[in-house]
Structures are given as C-alpha cells and as structure tokens.
Amino acid sequence: MKKHARFHRLVSVIFVGIILCIFSAGLFFALFFQTDVNEYENRYANRITRPTIRSVLNRSFQDNLESAFADQIPFAQQAKKIYNNVNSGFLNLFLDPVRKSNPHSYISYQTLYLFGEENIVAPTETLSNHISAIQAKIDNYNNIIAQNPDIEFYIYYIEREADINLETNEKIGAKEYIFENINIPVKNQGSFDINSFEDFKTYFFKTDHHWNFLGSYRGYLDCIDLLGCKEPPLESTETVFLGKWSGSKALTIGAGIFHEDFYAHHFDYPQMKIYINGQPKDDYGTAEQCFAGEIPLVTYSKFYGPDAGETIFMTGNSEKENILVIGESNDNANIKLIASHFNNTYSVDLRNYEHQMGEKFHFSQYTADRNITKVLFIGNLNFYFESYFMLEE
Amino acid sequence: MVFSTLTFLFFFLPAVVISYYLFRNRIYRNTVLLLFSLLFYGWGEPKYILLMFITAFVAYGGGCLIHNFNAQNKLRSKKIVMVATTILIILNLVIFKYYNFIAVNVNTVFPKLLKIYNIALPIGISFYTFQILSYVIDLYWGKISVQKNFFNLLLYVSFFPQLIAGPIVRYQTVESEIHFRKESMDDVTNGLRRFIFGLAKKVIIANNVGLVSSTIYSGDPAQFGTLMYWIAAIAYALQIYFDFSGYSDMAIGLGSVFGFHFLENFNYPYIATSITDFWRRWHISLSSWFRDYVYIPLGGNRVKKSRWLLNICLVWGLTGLWHGADWNFILWGVYYALWLIAEKTFLFKVTNKLPPFIQWLYTSVVVIVGWVIFNISDMEQMTLVLHKMFVFQPTNLVESVIAGSSIIYGLFYLPLGIICIFPWRKNNTASSSVLSEIVTNLACLMILAICVCYTFGSNYNPFIYFRF
C-alpha cells in the first residue's frame with residue numbers, strides 16, 4: 001500500500017514536472033533565444049519588448065507579448081503548420097468536389113476565396129473604400145512631381161485580382177482614377193491589365209499574391225518600353241522548373257496543402273554591382289543558386305530578392321541614365337532586368353527604408369545626390385492606398 | 001488575460017505556480033496569489049484594477065461595520081449598512097454595465113435626456129460584483145465571519161482563476177481555505193488535469209463549432225435554408241457550453257492547484273429532460289445565487305400564486321439582464337421564466353408521461369431556441385433566424401458551402417461536441433492503479449499538446465463570456 005502510494009506520488013510529480021517544464025522552457029527560450037524571422041509566415045518575427053508604463057496602460061505591450069510568444073516559443077511554427085495542414089486538409093477534402101463543380105464562383109475560404117480549381121484569390125476591392133487614401137497618395141505624389149520639374153516621372157500600375165470581379169469581369173476603376181488624377185503625362189503611364197480570370201490565371205501565382213515568371217517578364221517588357229529604353233530586352237535562356245511551393249496566400253489562410261509549380265526564366269544578366277541597404281552583395285536574391293541546385297526554393301522574396309529599403313544596381317554604363325524605382329514586392333521579380341538598361345538603378349521600398357537605412361527617405365535630396373533623371377512608380381492597388389508608400393519632400 | 005492565450009500558458013501559469021510553491025508560509029503564498037491575481041486582471045484593463053479595489057474596499061468597510069453593529073446588537077444600523085453597501089456595489093455595476101443601455105432607452109422616449117458615455121465594460125464585473133454581494137449579505141445573515149484583513153478579502157474577490165468568467169464563488173466556500181487550506185500533490189495533479197480538459201473544451205471544440213455558427217449568422221440569409229439555421233443554433237449551443245464550462249473547468253482546476261476547492265458550475269446540462277432540470281445543471285453558481293439572494297428573500301414559492309409567478313418573472317428577468325445590457329438578454333430571461341412557469345403549473349404533468357428521449361428532445365429544442373435569442377441582439381435578425389428555423393426553406397448544401405466553407409468544420413467538430421455533452425467518464429473517486437494514472441497522464445499530455453497546437457494555430461479565439 002505504501003509502495004503504491006509512493007509510485008502514485010512519483011507519477012504525479014513527473015506529470016506536474018513535465019507540464020511546468022514545457023511551459024517554463026517555452027518562456028525561457030522565448031526570452032533568451034529570440035529569432036528575427038518567422039520563416040513559416042514569411043515575415044519578421046515579433047520580439048519581446050521591454051514594458052513601459054505607457055505601453056502597459058494602452059495594452060500594446062500585452063498584445064505584443066502575445067504575438068511575440070506566437071513567434072518565439074520553440075516549435076511554435078511547427079505547431080502552426082501541423083494545425084493548419086490538418087485543418088486545411090480536412091476542409092479541402094470536402095471542398096474539392098465543390099470547387100471542381102463550381103469553377104467560376106468565389107468559394108469562401110477563411111478571409112480569402114478559392115476561384116477556379118486551384119487559385120486562392122483576394123476579394124474584389126471597392127474603390128469607394130479606398131478613395132480617400134488613394135487621393136491622399138495622388139496629392140502626395142503630385143506635390144513631389146511639382147517640386148521636381150527636372151525629373152521625368154513614370155507610373156506603372158499592376159492590376160491584380162482585387163481590381164476585378166472574376167465572376168463578372170467588372171473592374172473597380174482604381175487604375176483609371178489614379179491615371180486621371182496623377183500629374184504624369186499619359187505617355188508615361190503604363191499598366192499591367194487583368195481583364196478576366198484567364199489573364200489572372202496566366203500571369204499570377206495560384207497561391208501567392210505576386211505575379212509569376214510570365215507576369216513579371218511581361219511587366220518588364222512594358223516598363224522598358226514605357227521608359228523609352230532603346231536596346232532590346234533581355235531574353236530568357238531557359239525556363240526552369242524549380243519545384244512545388246506554397247505562396248503567401250496559402251500560408252495566410254493556413255492552407256499550406258495548396259501547392260503549385262514554380263517556374264522561372266533564366267537570364268544572362270550583364271555584370272552589375274549590387275548594394276542592399278548600403279552593403280555590397282554578390283547578387284539580389286538567390287535565383288542563381290536555386291538554378292544551380294545549391295539551395296532549395298523557399299519563397300518568392302528569397303528567390304527574386306528581398307523587400308529591402310534600398311537596393312542599388314550599378315552596371316557601370318555611365319552613358320546611360322540613373323533611375324529611381326519606388327515600388328513594392330512585385331518589382332523584386334524584374335528590377336534586375338530593368339536595371340540592366342540603366343547606369344545606376346535605385347530601388348526603394350518605402351515600407352522598410354527608414355527602418356533599415358536608419359533615416360527617412362527625402363525624395364528631392366535623394367534624387368539630387370544621385371543624379372537621378374527618371375523615377376518609376378510601380379505597384380498594385382495596395383501601393384496606392386497603404387500609408388507606408390507616402391513620400392516626403 | 002485569458003487562459004487559452006500563450007501569455008497565460010507560457011508566462012503567467014509557470015510563473016505563478018513556481019512563485020507560489022517557493023514559499024511555505026501561508027501569508028506569503030496568499031500574497032503571491034494576490035499579486036498575480038492583480039497582474040492577471042490588470043493585464044486586460046489596467047485602469048479597472050482601481051475600480052475592483054474600491055468595490056472590494058466598500059465591501060470590506062461595510063463588512064466591518066456590519067460586524068461591529070452586530071456585536072453591539074444594533075440590528076437596525078446593521079441592516080442600514082448592509083442595504084447601503086449593497087446599493088453602492090450594485091450601483092457600480094449599473095453605471096459601468098447598464099448606464100448606456102438605460103440612457104439609450106430613456107432617450108428613445110425623451111430624446112437627448114441622458115448623455116451617452118463611452119464606457120468600456122470592466123472585465124468580469126458581473127462575476128466579482130456578485131461575489132462581493134454574497135460576502136456582504138452572508139455576513140449580514142451571520143453565515144460567515146467578518147474578514148478583518150482587507151488583502152484577504154481582496155484575494156477572495158480578485159483570485160484569478162474565477163475572476164473574469166466565474167464560477168461565482170461565495171465567500172462561504174473559501175472562507176476557511178483562505179487561511180487553512182492544505183495543498184497536496186493529488187490536488188495539483190487533478191487540478192492540472194481538469195485545467196487541460198477545460199482548455200481542450202475551449203480551444204478544440206468551442207472555437208471550432210463557433211466558426212460554424214458565426215459563418216452562418218454573418219452570411220447572406222438567402223444562401224442558407226432551415227437546416228443550416230438549425231445547425232448554426234446547435235453549433236452556438238455547443239460553443240457556449242464548451243466555452244463556458246471549459247472556462248469553469250480551468251478555473252476549478254487552477255483553484256485546486258493552489259488548494260482551493262470550488263463548487264461545480266455545470267453538470268452535463270444538455271442531458272436535462274426538463275427546463276427546470278436544465279437550470280439545475282447550467283451555470284449552477286449563478287442560478288443558485290439568484291435563488292438564495294433574490295428568489296427566496298422575495299418569498300420564493302411560499303407566497304400567493306400571483307406573487308410567486310411574479311417572483312419567477314423578476315428573477316429570470318434579472319438573470320437575463322445579468323448576462324448583458326440588451327433587450328435580447330431580458331427576452332431570453334423572460335422566455336425561461338415562461339417555460340419554468342409552464343412546467344411548474346401544467347407542463348410537467350404532460351412531459352412526465354413522455355418517454356425520456358422525447359423529454360430530452362423537448363428540453364433541447366427549447367434550450368437551443370433560447371440560445372438563438374441570447375446570441376442575436378438585433379431583433380430583426382433574430383426574428384429572421386427564428387422564422388427560417390421554423391418555416392421550412394430548403395437548403396442547397398453546395399451553395400451554403402460556397403458562401404461559407406468554414407461550415408465544413410462542423411462535420412467534425414459538431415459530432416465531437418455532441419458526443420462530449422454526455423457523461424461517458426465515470427467519476428472515479430476511489431484510488432486508481434498506477435498504470436491507469438500513467439495512462440491518464442499521458443492522455444492529458446497528448447491533449448495538452450493538441451491544445452497548444454490549436455492555440456498557436458487558431459486565430460479565432462473569442463471568449464464569449466467576457467461580455468458578462
């Protein structure tokens with residue numbers, strides 16, 4: 001009886017000890033071994049910050065701590081992955097026949113939709129929801145344009161599925177509104193148009209929010225034409241299949257079970273020096289290493305190049321002009337192609353510039369210091385309504 | 001802070017358990033619990049700690065005066081203090097929870113008479129107010145001794161396991177345990193097991209069946225027919241049960257870890273065979289509170305029949321109002337009052353003759369319809385939903401799935417929830433074998449691992465009972 005009680009106690013002690021160890025170890029690793037990147041969700045990891053009276057009172061510290069735990073606790077990403085794969089696998093099991101029998105309907109899937117047999121799409125936006133933010137951006141850019149008469153400005157608008165109702169092909173008219181109101185001559189305006197689901201399916205990833213290798217190449221051809229580049233465009237030497245992957249939209253809704261093929265063009269780029277956030281780099285992105293089979297394909301931005309605050313491409317062709325490209329992540333896929341037509345190409349992502357460069361981006365100062373004669377705004381609808389992309393004089 | 005958050009599981013829980021058991025002295029242990037309880041409460045709304053502190057102080061002061069007047073045999077003064085303290089405490093609840101509701105309704109009759117304020121509802125105010133009231137009233141009735149140490153009373157009020165979503169623990173239940181409880185390894189083990197089961201109820205079942213009901217209720221009504229609205233209603237009934245009883249399990253389990261023994265709050269309510277039976281099994285701490293502190297003082301059933309019926313209506317109107325400051329909650333309370341009156345006057349005579357399954361079915365339908373009233377505050381939508389439930393409209397399953405694919409989760413979680421409403425597990429109070437202990441512990445650890453996966457993975461994590 002005594003022995004039984006002793007074993008009973010031992011079993012209890014082990015049970016309680018395991019639970020306390022699991023939770024305490026989570027806390028210990030989250031506090032002392034913090035990581036910078038959440039690979040699974042393809043973003044910076046939330047880190048535990050010091051509390052201040054203000055941050056505690058307004059609860060931002062508490063919210064941040066919860067987000068940080070979700071990123072920093074060991075095996076958190078694996079746990080999320082298991083959860084998401086099980087959930088989406090179960091959902092897909094029953095959704096699959098529905099999708100196949102209704103290929104031209106939006107099928108709700110958490111915050112996004114399934115359309116066609118395999119595409120994950122964002123809902124169609126409404127212009128009126130964003131009109132004030134878009135107008136503020138236009139005013140901001142018009143002000144910059146007016147203050148810099150010596151610079152030639154270009155705009156390239158990338159339509160995506162949010163610009164069109166894929167069931168009816170009705171478009172929201174955001175591009176037209178921007179082109180009508182921005183003080184850039186019509187000849188300097190270009191766009192990547194999506195007029196039907198077929199267009200979207202051809203030029204965009206099924207599971208990611210970016211354009212695919214066909215879309216980005218078409219965008220490159222449009223841009224160099226728009227920018228008046230005389231020499232012929234770079235042409236692909238081969239098209240390579242790099243494997244299956246799940247893009248950002250699939251990961252956002254935890255539907256990692258949705259995969260697609262990742263193809264990429266291989267180009268013979270001219271020699272160029274590359275600086276990312278002031279640091280010299282061998283290359284922008286890891287495309288060459290992926291082609292050589294040295295590293296596996298991970299994500300769009302790892303393959304093509306990161307959303308760096310500032311990326312500089314120097315071809316050494318001093319007879320050519322210097323260009324500033326202000327855009328978002330879609331241009332990661334073709335910025336190096338565009339850069340091959342210029343002397344120095346400065347690619348700025350305003351979401352990260354101040355954070356990574358340690359200073360604000362002042363447009364006039366920046367362009368004057370670098371003898372920039374052309375500026376290209378390139379982005380999709382979000383580029384025009386999100387406040388990150390505002391410019392300062 | 002919520003039990004099913006990572007902050008609670010990976011920061012608060014290990015910190016409080018380790019800190020608590022670092023000390024042997026009861027005073028230090030109580031101090032640890034008080035400090036962590038205040039941190040727990042302040043985590044969600046730091047400013048409202050002061051409000052809880054003041055409320056507890058009013059009860060403390062009132063309690064001391066009641067005790068003194070009692071000792072001096074000044075019964076009238078004692079009564080005045082009790083009434084004044086009770087009014088002050090209730091006034092606090094009325095201002096923070098009901099003022100805007102009153103103002104909006106008064107203003108519909110007398111436009112712009114009362115100003116609407118942007119008052120955030122202090123978390124758990126309904127629960128701790130009722131706990132404090134039980135202390136004051138029980139002290140007045142002489143059921144308990146006065147608590148002369150303010151911090152011990154504050155610990156009773158703010159004790160984190162039951163602070164924000166109950167159960168409503170009466171002072172009487174924990175009076176001696178505040179000073180003389182004895183923690184044991186069995187209590188800690190059983191407490192952690194209970195906590196894990198509660199967590200599983202919340203994160204595995206409640207959150208996922210909740211997706212089904214919210215998808216249907218927030219969707220376009222044209223897409224969903226009668227079947228879907230019944231599924232939504234059943235899903236919500238399961239969600240609220242597993243959410244709330246899960247929280248109660250976690251609270252009881254955590255209390256046990258620290259040597260406190262709270263009374264049960266749920267007893268398989270969805271196996272009830274009458275509405276009367278249901279309310280003996282659902283949120284027991286609340287229904288018994290209203291019974292002891294409102295219904296019986298009003299005379300209970302030992303009055304004229306008309307007064308008795310009025311008592312029932314009053315108590316259930318208040319029960320509804322306690323759940324939220326909106327007309328649907330009052331309607332929900334009155335709905336139950338009417339069913340209870342019907343059962344007590346004539347319905348029992350009919351239902352008692354029916355087979356148990358039919359009795360269960362009748363109770364379940366009444367309860368499920370009740371949850372629809374409870375859940376939907378927009379009267380227009382509520383009417384539409386009830387109409388859809390009772391006037392048959394065909395359901396196109398494919399269209400329903402297209403409109404809200406999350407309802408597919410219902411295929412797995414609804415049956416799981418339905419299975420779990422029945423008492424499959426025998427209460428095994430006798431000492432069990434070491435092997436069965438090991439198996440139970442391993443099962444608990446596996447469930448915990450699943451819960452942690454769900455907690456990491458799920459971004460849908462509302463705690464319904466926070467509103468109250």
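# Rings, charges and backbone in a predicted model

If neighbours within four places in sequence are left aside, B:T129 is in contact with B:I89 and B:L93. This residue, B:T129, belongs to helix α5 of chain B, which covers residues 125-140, and B:T129 is buried, since its relative accessible area is 0%. The structure is a predicted model, and the points below turn from chain A as a whole to aromatic rings, charges and the backbone.

**Chain A as a whole**

- Chain A contains 15 helices and 15 strands, and its C-alpha trace spans about 95 × 55 × 45 Å along the principal axes.
- Chain A has 393 residues, of which 52% count as buried, while the chain exposes about 18,100 Å², with carbon and sulfur atoms supplying 53% of that area.
- When contacts in chain A are taken between residues at least 6 apart in sequence, 68% of them join residues that are at least 24 apart.
- Chain A carries 33 positive and 49 negative charges, and the mean positions of these two groups are 12 Å apart.

**Aromatic pairs**

- A pair of aromatic rings is described by two values, namely the distance of the centres and the angle of the planes.
- Over all chains, the count comes to 117 aromatic pairs.
- One of these pairs is formed by A:Y141 and A:F377, whose ring centres are 4.3 Å apart and whose planes lie at 20°, so the pair is stacked; the cut-off for stacked is an angle under 30 degrees.
- This pair links distant parts of the chain, because A:Y141 is in helix α5 of chain A (residues 127-147) and A:F377 is in strand β15 of chain A (residues 374-379), with their positions 236 residues apart in sequence.
- Both members of this pair, A:Y141 and A:F377, are buried.
- A pair in chain B is made by B:W316 and B:Y336, whose ring centres are 6.3 Å apart and whose planes are at 40°, so the pair is tilted.
- This second pair also links distant parts of its chain, with B:W316 in helix α13 of chain B (residues 305-323) and B:Y336 in helix α14 of chain B (residues 327-351), 20 residues apart.
- B:W316 counts as buried because its relative accessibility is 12%, and B:Y336 is buried with a relative accessible area of 0%.

**Charges over rings**

- Within chain A, the charged end of A:R218 sits over the ring of A:Y203, at 4.6 Å from the centre of that ring.
- Between chains, B:R193 of chain B lies over the face of A:F15 of chain A, and the distance to the ring centre is 5.9 Å.

**Positive phi values**

- Most residues other than glycine have a negative phi.
- A:N169 has a phi near 65°, which is a positive value in a residue other than glycine, and A:N169 is found in the loop of chain A between β6 (152-158) and α6 (174-181).
- With a relative accessible area of 37%, A:N169 is partly exposed.
- B:H283 is not a glycine either, yet B:H283 has a positive phi of about 40°, and its place is in the loop of chain B between α11 (275-281) and α12 (284-295).
- B:H283 counts as buried, because its relative accessibility is 0%.

Technical notes. Residues are numbered from 1 along each chain as its sequence is written. Chains are lettered from A and ligands numbered from 1 in the order in which they are written. This is a predicted model: local features need pLDDT of at least 70, side-chain atom pairs count only at pLDDT 80 or more; totals for chains, interfaces and linings use all residues. Side-chain values use heavy atoms; hydrogens and water are left out. Rings of Phe, Tyr and Trp (its six-membered ring) pair if their centres lie within 6.5 Å; planes under 30 degrees apart count as stacked, over 60 as edge-to-face and the rest as tilted. Helices (H or I, at least four residues) and strands (E, at least two) are DSSP runs, numbered from the N terminus. Buried means under 20% relative accessible area, exposed over 50%, partly exposed in between (1.4 Å probe, protein chains only). A charge sits over a ring if NZ of Lys or CZ of Arg is within 6 Å of the ring centre and within 35 degrees of the ring normal. Contact means heavy atoms within 4.5 Å. Accessible areas come from the Shrake-Rupley method with a 1.4 Å probe; for residues, only the protein chains shown count as cover. Lys and Arg count as positive and Asp and Glu as negative; His and the chain ends are not counted. The place of a charge is taken as NZ of Lys, CZ of Arg, CG of Asp or CD of Glu.
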